[in-house]
Amino acid sequence: MKTVITELNWAKGNEILTKVGEIIYDPDLWKKQDLPKVIQDADVLIVRNQTKVTRLLLQSAPGLKVIGRLGVGLDNIDLQAVKDRNIALVCAKNANSISVAEYVFAVMFTFARHPAEATVSVKQGYWDRKRYTGAEIYGKTLGLIGIGEIGTRIAIRANAFGMNIIGYDPFLPPYELATSDFGVKLASLEEVISCSDFISLHVPLNKSTRYLINKQVLKLAKPTAIIINSARGGVIDEKALYEALVSGKLAGAALDVLEREPPLDSSLLELNNIILTPHIAGLTEESQIKTSVMVAREVIKVLNGEPSSCLVNM
Ligand SMILES: NC(=O)C1=CN([C@@H]2O[C@H](COP(=O)(O)OP(=O)(O)OC[C@H]3O[C@@H](n4cnc5c(N)ncnc54)[C@H](O)[C@@H]3O)[C@@H](O)[C@H]2O)C=CC1
Ligand SMILES: O=C(O)CCC(=O)C(=O)O
């Protein structure tokens with residue numbers, strides 16, 4: 001069995017795969033011209049979010065049986081092409097949800113208390129306590145757009161901090177709501193945007209969510225609101241976001257994901273009321289060990305014809 005891993009993976013997962021066959025592991029392979037050649041005799045292809053798994057790329061791997069996704073977002077994979085070829089697709093369901101949830105709290109607290117900025121000012125010799133008067137997140141309203149694996153984990157934690165939680169997710173199966181179990185009051189997109197102090201996005205990027213947060217929607221937000229995007233870049237219209245942040249219609253944004261990664265010359269880079277991180281919300285040591293082991297084990301299960309709870313239904 002030959003497995004090709006085209007992006008960064010943690011050693012534990014690679015060790016499991018090495019025991020059952022040959023592995024080619026090159027964290028930069030996703031951007032190399034010879035990618036199609038390297039995968040031509042592969043049985044398994046393991047990717048993260050940068051490899052573009054197109055119909056054309058799949059054509060260069062006629063014997064491909066399984067694709068493993070070291071994460072959960074599937075927007076870099078042509079799902080129809082995978083289905084047409086009858087290739088199994090497994091993802092690391094849940095493995096990075098806690099890490100993303102904790103990232104959301106990291107940025108909410110950063111906006112509420114400004115620890116990094118205050119550190120800079122102390123190092124510069126200031127002791128300006130009034131300037132760094134913060135705000136509590138207790139009693140504030142958190143609006144969740146998408147209440148799946150990540151959204152629910154955020155809700156559980158937000159409850160512990162005494163936040164009010166509202167959420168928009170039109171695709172939740174009725175039995176799951178029971179979101180009251182997580183303290184989420186369901187509302188329309190418009191209500192969530194207009195009532196929230198913090199708005200956090202947790203939807204996949206697809207046709208229904210591209211530019212879900214656009215100029216019209218942003219107009220509804222409180223001028224004091226902070227928007228957090230750790231889902232996918234295309235979920236927010238970045239031009240509209242820039243205008244809202246510059247004109248004071250929105251107080252701030254934290255973006256872990258962008259339409260173009262890295263952003264290079266984006267006007268968002270000029271802003272002071274923004275936190276920008278390089279797609280690391282789900283990237284912790286713990287989540288990545290879990291991810292690498294989960295994908296390796298589930299890929300092997302699929303190859304052995306055993307059921308896998310990480311198989312993507314297509
Ligand atoms: N920045 C990072 O490092 C990471 C980013 N992600 C992103 O977060 C996304 C969500 O991850 P999970 O919570 O694990 O996925 P999930 O599939 O468990 O939850 C997604 C939720 O979004 C809802 N949804 C779908 N379309 C919607 C729409 N138009 N409006 C409102 N809700 C909608 C679904 O019903 C579902 O409940 C991933 O697809 C991925 O793109 C995930 C992990 C790490
Ligand atoms: O794939 C990655 O490296 C980041 C995690 C992510 O975005 C995802 O799981 O969808």
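This passage describes the nonpolar cores, one helix pair and two loop residues of a predicted model.

The largest nonpolar core of the model holds 31 residues, and within this core I145, I213, I227, L241 and L250 are the members that touch the most other members. Several secondary-structure elements each supply at least two residues of this core, namely the helices α8 (189-195), α9 (215-219) and α10 (238-246) and the strands β9 (198-201) and β11 (252-255). Of these, α10 gives the most to the core, with 4 residues. The surroundings of I213 illustrate how the core is joined: leaving out residues up to four places away in sequence, I213 touches L189, I193, L201, L218, I227, V235, I236 and D237. Apart from this core lies another one, made up of 27 residues, among which are V104, L142, V184 and I228.

A helix pair was examined next. Helix α5, which spans residues 97-113, packs with helix α7, which spans residues 149-160, at an angle of about 50°, and the axes of the two helices are 8 Å apart. Because angles from 35 to 65 degrees fall outside the parallel and perpendicular ranges, α5 and α7 are oblique to each other. The crossing in which α5 passes α7 is right-handed. On the side of α5 the contact is made by S97, I98, V100, A101, V104 and F105, while α7 contributes E149, I150, R153, I154, R157 and A158. Sorted by class, the residues in the contact of α5 with α7 comprise 8 nonpolar, 1 polar and 3 charged ones. V104, one of the α5 residues in this contact, is also among the members of the core of 27 residues.

Two residues in loops complete the description. G183 is found in the loop that lies between β7 (164-168) and β8 (184-186), and its relative accessibility is 32%, so that G183 counts as partly exposed. Although G183 and I165 are 18 residues apart in sequence, their C-alpha atoms are 6.5 Å apart in space. When residues up to four places away in sequence are not counted, G183 touches N159 and I165.

R232, in turn, lies in the loop between β10 (226-229) and α10. With a relative accessibility of 13%, R232 falls under the 20% limit and therefore counts as buried. Once its neighbours within four places in sequence are left aside, R232 is in contact with N49, R69, G73, D75, L205, V257 and H279.

Conventions. Residues numbered from 1 in each chain as written. Chains lettered and ligands numbered in written order. Predicted model: local features only at pLDDT ≥ 70, side-chain atom pairs only at ≥ 80, totals over all residues. Heavy atoms only, no water. Core = buried A, V, L, I, M, F, W, Y, C linked by side-chain atoms within 4.5 Å. Buried < 20%, exposed > 50% of the residue type's maximum accessible area, 1.4 Å probe, protein only. Contact = heavy atoms within 4.5 Å. Axes fitted to C-alpha atoms, helices over the stretch in contact; angles between N-to-C directions. Parallel < 35°, antiparallel > 145°, perpendicular 65-115°, else oblique. Left-handed = near helix turned anticlockwise from the far one by under 90°. Nonpolar A, V, L, I, M, F, W, Y, C, P; charged D, E, K, R; others polar.
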